Protein chains: 2
Amino acid sequence: MNDLRLNQDAANADLATASNVAEQLASMQAADAVELLNELDVEDAVGILAEMPRDHAVLILDQPELHSSAEIIAELPPVIARELLDAMSADRVTDIFQQFDDETRIRLAASLGQETKAALRKLLHYPPHTAGSLMTTEFVSVPANWSVAATLQHIREVERSRETIYAIYVTDPRTKGLLRAVALRRLITSEPNDSIMSVGRDVAPVTVGPLTDQEDVARLFRKHDLLAVPVVNDDNHIIGIVTVDDVIDAMTQEMTEDTLKFGGMEALNKPYMQIGFVQMLRKRAGWLGVLFLSEMLTASAMQYFEGELEKAVVLTLFIPLIMSSGGNSGSQATSLLIRALALQELRLKDWWRVALRELPTGLALGSFLGMIGIIRITTWQMAGLYNYGPHWMLIAATVGAALIGIVTFGSLVGSMLPFILQKIGFDPASASAPFVATLVDVTGLVIYFSIALVFLSGTLL
Amino acid sequence: MNDLRLNQDAANADLATASNVAEQLASMQAADAVELLNELDVEDAVGILAEMPRDHAVLILDQPELHSSAEIIAELPPVIARELLDAMSADRVTDIFQQFDDETRIRLAASLGQETKAALRKLLHYPPHTAGSLMTTEFVSVPANWSVAATLQHIREVERSRETIYAIYVTDPRTKGLLRAVALRRLITSEPNDSIMSVGRDVAPVTVGPLTDQEDVARLFRKHDLLAVPVVNDDNHIIGIVTVDDVIDAMTQEMTEDTLKFGGMEALNKPYMQIGFVQMLRKRAGWLGVLFLSEMLTASAMQYFEGELEKAVVLTLFIPLIMSSGGNSGSQATSLLIRALALQELRLKDWWRVALRELPTGLALGSFLGMIGIIRITTWQMAGLYNYGPHWMLIAATVGAALIGIVTFGSLVGSMLPFILQKIGFDPASASAPFVATLVDVTGLVIYFSIALVFLSGTLL
């Protein structure tokens with residue numbers, strides 16, 4: 001790899017080597033150039049980008065994967081910074097402005113072109129995870145009374161400054177409302193003199209609002225195989241577009257967040273090795289503390305059954321086994337339902353169908369584990385590996401019955417939790433495996449000891 | 001909603017209503033039409049699709065979201081079925097052929113056009129989850145000695161039969177090797193008489209092989225913001241393309257599989273409500289059984305410490321609390337590392353960096369929980385809520401120290417497991433929260449009792 005050589009070149013970079021490296025980078029895919037720049041110090045990256053042809057520097061700065069792009073732009077000579085910001089895509093400029101400190105934000109905003117300024121003002125106020133925060137204002141739109149030829153000519157003129165030209169949005173010349181989305185592929189195969197409204201199928205375009213959640217945006221892309229979706233306001237005026245590359249980034253981000261949440265922690269906003277030690281502790285300690293406090297109820301439950309515990313210490317041997325089985329079956333059910341709800345295979349109103357399915361499933365799985373448990377105890381007893389005492393058969397029966405009860409309970413709780421979260425307005429994907437396990441643990445103990453009281457009272461208890 | 005009306009219309013569908021419904025569907029987005037068709041019986045859907053303009057039926061059948069598309073095509077009049085299959089995209093036809101029974105496959109394959117047959121032969125033999133299984137053979141490629149005008153003319157002629165025309169692949173006229181990928185947007189803004197090789201930047205195109213894993217394909221799309229990627233063989237001949245809509249579907253599928261695996265079960269191949277009861281049991285019982293068998297080691301560990309248990313029943317009160325904390329911290333660390341490896345923020349060789357980070361993190365988190373635990377015991381004791389005996393301070397110290405040990409151990413095991421899985425050739429995302437919890441549980445018990453032996457021998461033990 002030439003990462004290392006490049007790194008060293010840049011380490012003692014004077015202008016000559018910077019322009020040298022700039023030339024090398026210009027012959028690469030922008031994303032590969034980004035990876036190399038990410039290895040360098042900010043000041044070296046600044047030197048190289050300043051030496052690069054502007055249009056190629058724009059390609060590189062447009063990549064969200066470039067670390068410290070805000071610092072780089074802040075340190076570039078102001079003339080160059082302004083030129084680049086005006087040429088970059090508006091959604092990316094917005095992301096970068098959000099990272100500037102106040103002084104830099106004011107300094108650079110003042111020098112921007114009118115169009116970029118207007119776009120920034122529009123885009124900066126949408127909350128994260130919404131279509132508005134993903135969108136860009138650089139789209140192609142033409143009035144409905146234009147011809148195919150006029151539209152194509154317009155596209156040729158504005159192509160450089162548009163995020164995508166593969167979807168053309170046709171608006172009502174009077175109301176400015178969005179009428180139709182036309183695919184470029186249909187446009188170039190149409191007769192030049194035809195009206196733009198004659199191109200493609202006459203169907204209402206798929207649209208989103210600026211506050212549509214990014215997960216719903218992604219669902220629409222998946223469903224309709226879109227390359228871009230127009231964002232419209234209440235008057236059906238198009239205010240921006242979300243393109244498929246931003247949707248893929250959003251999906252990846254959602255996937256990371258959902259995995260971390262399911263693992264029982266807060267989502268991080270930076271890569272693992274870049275997050276500070278204290279921040280990492282905060283993201284993990286919160287949920288860990290909440291779970292610990294809830295799990296303390298198990299100690300209370302055990303204290304409540306201390307009499308039984310003292311009389312039958314043998315019962316304690318199976319506590320971890322039984323409790324973990326409840327947590328495991330709950331975790332399975334939760335992961336199933338999180339995805340079924342995310343993919344909208346199921347709706348909130350289907351909760352009872354799921355409950356009716358999880359009940360027999362839990363009973364069957366519990367019986368399966370209960371059987372293994374009984375076989376285990378019997379085998380150890382018969383083979384003389386351990387002596388569970390004269391009432392070992394009753395103990396085996398207790399363990400078997402408890403497993404049926406706890407696995408069924410775990411499956412039910414695990415499957416209902418995502419519904420409950422959705423019902424009270426949370427993302428079903430906020431359900432975490434540790435949380436389900438904790439919910440099941442306390443009740444699991446109560447189930448276990450209650451069954452023991454029924455089976456063993458008069459003998460052991 | 002008019003789902004219901006449509007449903008009833010179709011229920012007593014004669015030819016007249018079928019053509020009526022067909023007309024309604026033709027004015028909708030194809031994906032919406034698919035949702036309505038999914039509500040109907042196969043025979044009603046067959047009647048409606050047969051009545052529809054062919055090009056619109058193709059749009060609908062091209063949607064992977066249409067359930068039972070294989071059954072529908074099998075039941076269509078053979079002439080119509082052949083016409084539709086020849087017009088559909090080759091990757092979709094391949095998916096559908098994989099679902100046919102042998103009789104239908106042979107019957108329909110015989111009647112297909114040459115081009116479709118050739119594509120099917122090519123595509124049918126790639127394993128799932130590879131670029132080959134996602135790709136289609138309907139792409140635009142032109143020799144490098146063509147002009148921009150000739151290329152545009154060619155695109156106009158073949159547009160209807162191509163999956164995408166937004167990327168044009170330029171090949172060496174002699175070797176047929178892939179030289180360049182040209183974006184249509186650059187093409188339409190170029191001079192008609194220029195050579196196709198003068199369009200766009202002179203960089204090597206991003207390519208994949210037919211056996212490239214679909215996760216790696218998705219990573220390339222994300223990195224390079226692609227709309228399509230060419231699939232090339234060992235001779236650098238382009239044999240197909242993967243388009244962004246298929247990548248989004250693959251990402252969604254991967255996300256579902258990874259979530260289910262992290263939840264501790266096998267991935268399903270069907271939506272929750274459509275999977276049979278027995279199949280659902282199988283997908284869940286496998287891992288549940290394995291985890292149960294592993295967790296049995298906790299019973300063995302407890303049996304080993306039975307002497308201590310009998311002497312100090314008070315120790316059992318905190319077993320669920322302590323064990324779950326180890327599992328929870330392990331689950332957090334695993335979810336973190338699964339994502340860091342999936343996003344390639346970290347490589348296999350970085351394992352020791354992670355271990356060096358998780359060690360202090362685990363110690364800090366364990367101390368935090370240990371502190372809460374000690375406060376809990378002290379408070380209950382002081383407030384007279386429970387009597388832990390004369391040695392309650394030693395018990396509190398035992399619980400606190402055990403939490404530090406177990407949370408540190410959990411964080412280490414949880415963070416190393418994804419690395420180990422990757423090292424031995426598995427997907428790091430195969431690590432599941434229940435599996436980590438089980439790994440930690442047994443060792444957790446040993447840690448707890450060992451610390452108890454140190455702290456309490458001479459007093460309680």
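Student: Which strands make up the open sheet in chain A, and in what order?

Tutor: A sheet is read by its strand order and by the kind of pairing. In this predicted model, the open sheet of chain A holds 3 strands in the order E1-E2-E3, and the pairing is mixed. Strand E1 (140–143) and strand E3 (178–183) are the edge strands, as each pairs on one side only. From one strand to the next, the twist averages 30°.

Student: How many bridges join E1(A) to strand E2 of chain A, and do these strands run parallel or antiparallel?

Tutor: Strand E2 covers residues 167–171 of chain A, and 4 bridges join E1(A) to this strand. The two run parallel. For a single pair to inspect, take A:Val140: the bridge partner of this residue in E2(A) is A:Ile168.

Student: Which helix lies across E1 and E2 of chain A?

Tutor: Helix H12, residues 148–158 of chain A, lies across both strands. The angle between H12 and E1(A) is about 150°.

Student: Where does UniProt place the feature "transmembrane region" in chain A?

Tutor: An annotation of this kind is read from the record and then set beside the model. The unreviewed UniProt entry gives residues 359–380, 392–421 and 433–456 of chain A. In the model, residues 392–421 are 100% helix and 0% strand, with the end C-alpha atoms 42 Å apart. Residues 433–456 are likewise 100% helix and 0% strand, and the end C-alpha atoms of that span lie 33 Å apart.

Student: Into which domains is chain A divided?

Tutor: The division gives domain 1 (3–125), domain 2 (140–243) and domain 3 (272–456). To place two of them relative to each other, use their centres: taken over C-alpha atoms, those of domain 1 and domain 3 of chain A are separated by 52 Å.

Student: How many residues of chain B are in contact with chain A, and what area is buried between the two chains?

Tutor: An interface can be read from its contacts, its buried area and its polar pairs. Here 129 residues of chain B are in contact with 130 residues of chain A. The buried area is about 11300 Å², and carbon and sulfur atoms give 65% of that. B:Arg185, B:Tyr272 and B:Arg357 supply 7% of the area that chain B buries against chain A, more than any other three residues.

Student: What is the count of salt bridges between chain B and chain A?

Tutor: The count is 10 salt bridges. One salt bridge pairs A:Glu159 with B:Arg186, where the closest N and O atoms are 2.6 Å apart.

Notes. Residues numbered from 1 in each chain as written. Chains lettered and ligands numbered in written order. Predicted model: local features only at pLDDT ≥ 70, side-chain atom pairs only at ≥ 80, totals over all residues. Heavy atoms only, no water. Pairing = 2+ DSSP bridges. Axes fitted to C-alpha atoms, helices over the stretch in contact; angles between N-to-C directions. Contact = heavy atoms within 4.5 Å. UniProt positions renumbered as here; feature names shortened; annotations may be inferred. Domains from an automatic or database assignment. Buried area = accessible area lost by both parts, 1.4 Å probe. Salt bridge = Lys/Arg side-chain N within 4 Å of Asp/Glu carboxyl O.
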